[in-house]
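Thanks for sharing this one with me. Here are my notes, set out as numbered points to read alongside the structure.

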Amino acid sequence: MLRVFCPPIAILMLSACGDPGDPVSSASEPSGTDSTGGDLSTSTGDAVPTSGQLPPTSSASDSATGDPPGTTTDVATDTSAGLDTSTGGDSDGTTGDEPSPWDGEPLPLEPPGQWSWVPFPDSMCRDGSTTGIGVRYGAGDGLVIYFEGGGACFNSGTCALNELWSNFGEFKFDAWALGIGKGGIFDDDPQNPVRDWSFVYVPYCTGDVHAGDRENVGIDGVLGAQQFVGYRNVAAYLERLVPTFGDEAHVLVTGSSAGGFGAALNYDRIAGAFPNSAVTLLDDSGPPMSDQYLPVCLQERWRELYNFENTLPADCVECFHEDGGGIYNLADFLGEKWSDQRLALFSSEQDGVIRTFFGYGLEDCDGGTYPGPTFEDGLYQLRDEIFGDSPVWGSYFVTGTGHTILSSPGYYTTEIDGVPLTDWIDELLHGNVSHVSP
């Protein structure tokens, strides 16, 4: 079995490494597994928790990875320290406003093939510090916008896991560029369909899957005010990306883990910002599962903390269920609105990392262990019933509990049912979608 070496900076990034054909590597595996990634739980035949939030699984065995998450905490209601616990925008009315047209200053030109850091003084990380983006110019007629992953911050436990990524500046970027930034989809390997494209690296330091629009948020058990403004940061980036790359023939919007979710959640306005380009979505390990499989109470928590009401596309009416669910309808919305584009999802059938995060929503958000077979059922329901026979959506599923593929060596070695992953991506970029699975 392939074993992936993770550079030191990757070890604390849940999305960074892992062979999809293997169990989750130790760099990203939640606690509670043995050295092979197997579940240390001795229970067999465990059904879905009695809350009834998840449907029965198609397998009797519980192959969930990791210890049951701890009890989640409520959003702080004490505003004495100036913490904003409302779901509304800023009092000055500027929250969520998108510049139109995107007419900022173009990015500085650099020699092709070299990563450079571009600071954005108008950006903000979860801890209030500023951040920026990485840029690498290429000779090809295409642009990759890559959203980094690294978990999410929505209670004391998840925010602790995400703490190292509550800020991201040039120092961390330089370390990333020397390691992860040279492999996988970033490599110039002849097999790589985007080897000569330009790249924009969007770091992840807001803890909100790149889709938040709320400042000064208080969370019980988490020190200080949290700045969930990933969505607003992307607006600042687009203000300069469009004048720089607006003439590119093709834009690939992609990302891994939290960045996979972020790519999908930001796709609508990115596609609109590049009206003269083909704009393709490749979501790596951020599956938008239905309310049966992604607990509604967890969706509701994210909506409140990150102000999804202000960042999900307003014209996606079905994205806003009264009970807090319905986020999965974004997939159908994007497929219909952007019917001339191509969208796709990569995932492992029983992704151990995403199951851990979904597990926080079990037992009415008291937390629990999310069974692997249940996740697999939800993944195939997403493909068969939500993507359905849409000519816009494609998918590529692999066995195991691994997490993410784009920045790992598995990007070049993965093959399912005779279809290499890189060939499938190449076909996707040429407008041909397909569903590949074991």
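1. In which sense do strand S2 (residues 131-136) and S4 pair, and over how many bridges? The two strands are antiparallel, and three bridges hold the pairing. One position to look at is valine 135, which stands opposite valine 200 in S4. Please keep in mind throughout that this is a predicted model.

2. On to the pairing of S4 with strand S3 (residues 142-147). These two strands run parallel and are joined by five bridges. Valine 144 has phenylalanine 199 of S4 as its bridge partner, while phenylalanine 147 stands opposite valine 202.

3. It helps to place these strands in the whole sheet. The sheet is open, has nine strands with mixed pairing, and follows the order S1-S2-S4-S3-S7-S8-S9-S10-S13. At its edges are strand S1 (116-120) and strand S13 (435-436), each of which pairs on one side only.

4. Strand S4 (residues 198-202) deserves a closer look. Five of its five residues are buried, so the strand is largely enclosed by the rest of the structure. In a regular strand, side chains alternate between the two faces of the sheet. Here Ser198, Val200 and Val202 point one way, Phe199 and Tyr201 point the other way, and all are buried.

5. Now for the charged pairs. The structure holds seven salt bridges. One of them joins aspartate 213 to arginine 232, with the closest N and O atoms 3.0 Å apart. This pair links distant parts of the chain, 19 residues apart: aspartate 213 sits in the loop between S4 and strand S5 (214-217), and arginine 232 in helix H3 (residues 230-245).

6. Arginine 232 also meets glutamate 215 in a salt bridge, at 2.6 Å from N to O. Because arginine 232 lies in helix H3 and glutamate 215 in strand S5, this pair ties together parts that are 17 residues apart in sequence. Asp213, Glu215 and Arg232 are thus linked in a network of salt bridges. Aspartate 213 is buried at 1% relative accessibility, whereas arginine 232 is partly exposed at 23% and glutamate 215 is partly exposed at 22%.

7. Another salt bridge to check is that of aspartate 384 with arginine 383, whose closest N and O atoms are 2.8 Å apart. Aspartate 384 is partly exposed, with a relative accessible area of 46%, but arginine 383 counts as buried at 16%.

8. Finally, a word on the surface. Glu300, Glu304, Glu322 and Asp323 gather there in a patch of negative charge. Of these, glutamate 304 lies in helix H5 (residues 296-306) and is partly exposed, with a relative accessible area of 32%.

Note on methods:
Residues are numbered from 1 along each chain as its sequence is written. This is a predicted model: local features need pLDDT of at least 70, side-chain atom pairs count only at pLDDT 80 or more; totals for chains, interfaces and linings use all residues. Side-chain values use heavy atoms; hydrogens and water are left out. Patches are made of residues with over 30% relative accessible area and no salt bridge: like charges are joined within 9 Å, nonpolar side chains (Val, Leu, Ile, Met, Phe, Trp, Tyr) within 5 Å. Accessible areas come from the Shrake-Rupley method with a 1.4 Å probe; for residues, only the protein chains shown count as cover. A salt bridge is a side-chain nitrogen of Lys or Arg within 4 Å of a carboxyl oxygen of Asp or Glu. Lys and Arg count as positive and Asp and Glu as negative; His and the chain ends are not counted. The place of a charge is taken as NZ of Lys, CZ of Arg, CG of Asp or CD of Glu. Helices (H or I, at least four residues) and strands (E, at least two) are DSSP runs, numbered from the N terminus. Buried means under 20% relative accessible area, exposed over 50%, partly exposed in between (1.4 Å probe, protein chains only). Two strands pair if DSSP finds at least two bridges between them.
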